[in-house]
Amino acid sequence: MKKLSKILIVVALGACVVLAIAQFTNLPFAVCELGACRWIGVGPLSIQPAELVKFALVVYLAVIFTEYKGKE
C-alpha cells in the first residue's frame, strides 16, 4: 500500500503540473474557461486533478500515520 500511495500522489501532482503548463501552451486535452485550466478532458470523460490530489493526500497520510503508530 505504501508504494501505491506514493504512485498515486505523484500521478495526481503530475496532473496538476500538466494543467499548469497547459494554461500557457494550449494543450488539446486541457479544458480552459475564463482564463483558468481546471479540467483534463479525454473524450466524453473529464477529471479535475485537484480532486485526485485530495484523495491521494488522504491515502498517503493514512499510510504515514499507520507506520508512525507502529513504531511506538
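**Figure 1. Helix α1, end to end.** The expected span of a helix is 1.5 Å times one less than its number of residues. Helix α1 covers residues 2-25, so its 24 residues should stretch over 34 Å, and its end C-alpha atoms sit 35 Å apart, which agrees. Keep in mind that this is a predicted model. Walk along α1 and you'll meet a set of buried residues: Ser 5, Ile 9, Ala 12, Ala 15, Leu 19 and Ala 22. As for the spacing, an α-helix has 3.6 residues a turn, so residues three or four places apart point the same way. Just past the end of α1 comes Asn 26, with a positive phi of about 55°.

**Figure 2. The open sheet.** Here we have three strands in the order β1-β2-β3, with antiparallel pairing. The edges are β1 (30-33) and β3 (45-47), each of which pairs on one side only. From one strand to the next, the twist averages 35°. Strands of a sheet pair through backbone hydrogen bonds, either parallel or antiparallel. Zoom in on β1 and β2 (residues 36-42) and you'll find four bridges joining this antiparallel pair. Which residue of β2 is the bridge partner of Val 31? That's Trp 39.

**Figure 3. Helix α1 against the sheet.** Helix α1 packs on the sheet and touches β1 and β2, its direction making about 115° with that of β2. A good place to look is Leu 19. Leaving out neighbours within four places in sequence, Leu 19 is in contact with Ala 30, Cys 37, Arg 38, Trp 39, Ile 40 and Pro 49.

**Figure 4. The largest nonpolar core.** Six residues make up this core: Ala 15, Leu 19, Ala 22, Ala 30, Cys 37 and Ile 40. Both α1 and β2 chip in, with at least two residues each. Which element gives the largest share of this core? It's α1, with three residues.

**Figure 5. Val 53 and its contacts.** Val 53 belongs to helix α2, which runs over residues 49-70. Set aside residues up to four places away in sequence, and Val 53 touches Ala 12, Leu 13 and Cys 16. One of these partners, Ala 12, is among the buried residues of α1. For scale, the C-alpha atoms of Val 53 and Cys 32 are separated by 19 Å, and these two residues are 21 places apart along the chain.

**Figure 6. A salt bridge between two helices.** Side chains of opposite charge can pair when their charged atoms come close. Searching the whole structure turns up two salt bridges. One of them brings together the side chains of Lys 2 and Glu 67, at 3.6 Å from N to O. This pair links distant parts of the chain, with Lys 2 in helix α1 and Glu 67 in helix α2, 65 residues apart. Buried or exposed? Neither, quite: Lys 2 is partly exposed, with a relative accessible area of 41%, and Glu 67 is partly exposed too, at 35%.

**Figure 7. A salt bridge within helix α2.** Now for Glu 51 and Lys 54, which form a salt bridge with their closest N and O atoms 3.2 Å apart. How far apart in helix α2 are Glu 51 and Lys 54? They are three residues apart, so about one helical turn separates them. Glu 51 is partly exposed, with a relative accessible area of 42%.

Definitions and conventions:
Residues numbered from 1 in each chain as written. Predicted model: local features only at pLDDT ≥ 70, side-chain atom pairs only at ≥ 80, totals over all residues. Heavy atoms only, no water. Buried < 20%, exposed > 50% of the residue type's maximum accessible area, 1.4 Å probe, protein only. Contact = heavy atoms within 4.5 Å. Pairing = 2+ DSSP bridges. Axes fitted to C-alpha atoms, helices over the stretch in contact; angles between N-to-C directions. Core = buried A, V, L, I, M, F, W, Y, C linked by side-chain atoms within 4.5 Å. Salt bridge = Lys/Arg side-chain N within 4 Å of Asp/Glu carboxyl O.
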